[in-house]
Amino acid sequence: RRCNLTACSSKFVLSQVHPMWQEPLAIPGGDRQSPIDIVERKSVFDSKLKPLVTNYDPKTCQQIWNNGYSFLVEYDDTTDKSTLKGGPLQDQFRLCQFHFHWGECNSWGSEHTVDRRLFPAELHLVHWNADKYNLFEEAVVEDNGLAVIGVFLKIGKRHEGLQKLVDALPVIRHKDSVVEFTKFDPACLLPPNIDDYWTYHGSLTTPPLTEAVTWIVMKQHIEVSHDQLAVFRSLLFTAAEEEVQKSMVNNFRGTQPLRGRTVRSSFT
Ligand SMILES: CCCCCOc1ccc(S(N)(=O)=O)cc1
Ligand SMILES: [Zn+2]
């Protein structure tokens, strides 16, 4: 007999896949989905790719919140104070938020892979095209609307800049909790060399999965300590009032078909 949810005792742990990660059946178009496996030897060096230019103002950092899929550090994107340009981009983009994806253990957690290699986590710095659109929500449905920088995380030495963020996480343990978070410079989360990257046209990796993203994936990773990443895993997918609490882990999408796309590299 199918268990009727209301009849289930509160202690019954539902071992369902988190709704977010049950792939929707059909995505409109769906031939430029993300993430992908980056096959190094198939990427094509493009000498016309310029260096990336980031200009982040820590004063535009506003809050950090648990949206039930990840935690987002949000920036004031009503002016051109925190911007990204150069690289593969023709226009100037504004930083609106950054977030991470991670696993339940250090063996997996990243969204992109490099020659099928998985990393324990991946940082996404999300920007929208402020030369062409007025709001993130407008840009999210346009081909050239978004630019996301991806940075792989590896377990190693403690990341001093990340610790301020790690210390804020217990305050936003549950879905929909938010706390003020200011004066955080996201540039501290970039690797030393941001001139070496892969770039390709793809999509958001969570709903609405729109194919609006110029992806810029850094070749160089950053290091965080085991304990720092363990705090990410102490977050919950679930809201405070829910009876069954679910750890926020494995919040990554699997790699998607390349569908004939070319991944370009800024380095040989
Ligand atoms: C109109 C509201 C859209 C909210 C969703 O925004 C997103 C979703 C995914 C990514 S990701 N993992 O591809 O960087 C970035 C931003
Ligand atoms: Zn993401």
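A residue counts as near a molecule if one of its heavy atoms lies within 4 Å of it. In this predicted model, 14 residues surround ligand 1. Two of the closest, His99 and His101, also coordinate the zinc ion (ligand 2).

**Zinc site**
- His99 and His101 each bind the zinc ion (ligand 2) through NE2, while His124 binds through ND1.
- The coordination distance for these histidines is 2.0 Å.
- The site of the zinc ion (ligand 2) has 4 donor atoms and is tetrahedral.
- Angles among the donor atoms run from 99 to 118°.
- For four tetrahedral donors, the ideal angle is 109.5 degrees.

**Placement of the histidines in the chain**
- Along the chain, the zinc donors follow the spacing H-x1-H-x22-H.
- His99 sits in strand E7 (residues 93-102), and His124 sits in strand E9 (residues 121-129).
- This pair is 25 residues apart and links distant parts of the chain.
- Both His99 and His124 are buried.

**Surroundings of ligand 1**
- The closest residues to ligand 1 are His99, His101, Leu204, Thr205 and Thr206.
- Thr205 places a polar side-chain atom 2.8 Å from a nitrogen atom of ligand 1.
- For His101, a polar side-chain atom lies 3.3 Å from a nitrogen atom of ligand 1.
- An N or O atom in the side chain of His124 is 3.4 Å from a nitrogen atom of ligand 1.
- On its own, ligand 1 has 440 Å² of accessible area, and the protein covers 78% of that.

Methods. Residues are numbered from 1 along each chain as its sequence is written. Chains are lettered from A and ligands numbered from 1 in the order in which they are written. This is a predicted model: local features need pLDDT of at least 70, side-chain atom pairs count only at pLDDT 80 or more; totals for chains, interfaces and linings use all residues. Side-chain values use heavy atoms; hydrogens and water are left out. Donors are N, O and S atoms within 2.8 Å of the metal (3.2 Å for Na, K and Ca); water is not among the atoms, so sites may look incomplete. Four donors count as tetrahedral if all angles lie between 85 and 135 degrees; four count as square planar and six as octahedral if opposite donors are over 155 degrees apart and all others between 65 and 115; anything else is irregular. Helices (H or I, at least four residues) and strands (E, at least two) are DSSP runs, numbered from the N terminus. Buried means under 20% relative accessible area, exposed over 50%, partly exposed in between (1.4 Å probe, protein chains only). A polar contact is a pair of N or O atoms within 3.5 Å; within protein, one must be able to donate a hydrogen and the other to accept it, and residues adjacent in sequence count only if both atoms are side-chain atoms. Accessible areas come from the Shrake-Rupley method with a 1.4 Å probe; for residues, only the protein chains shown count as cover.
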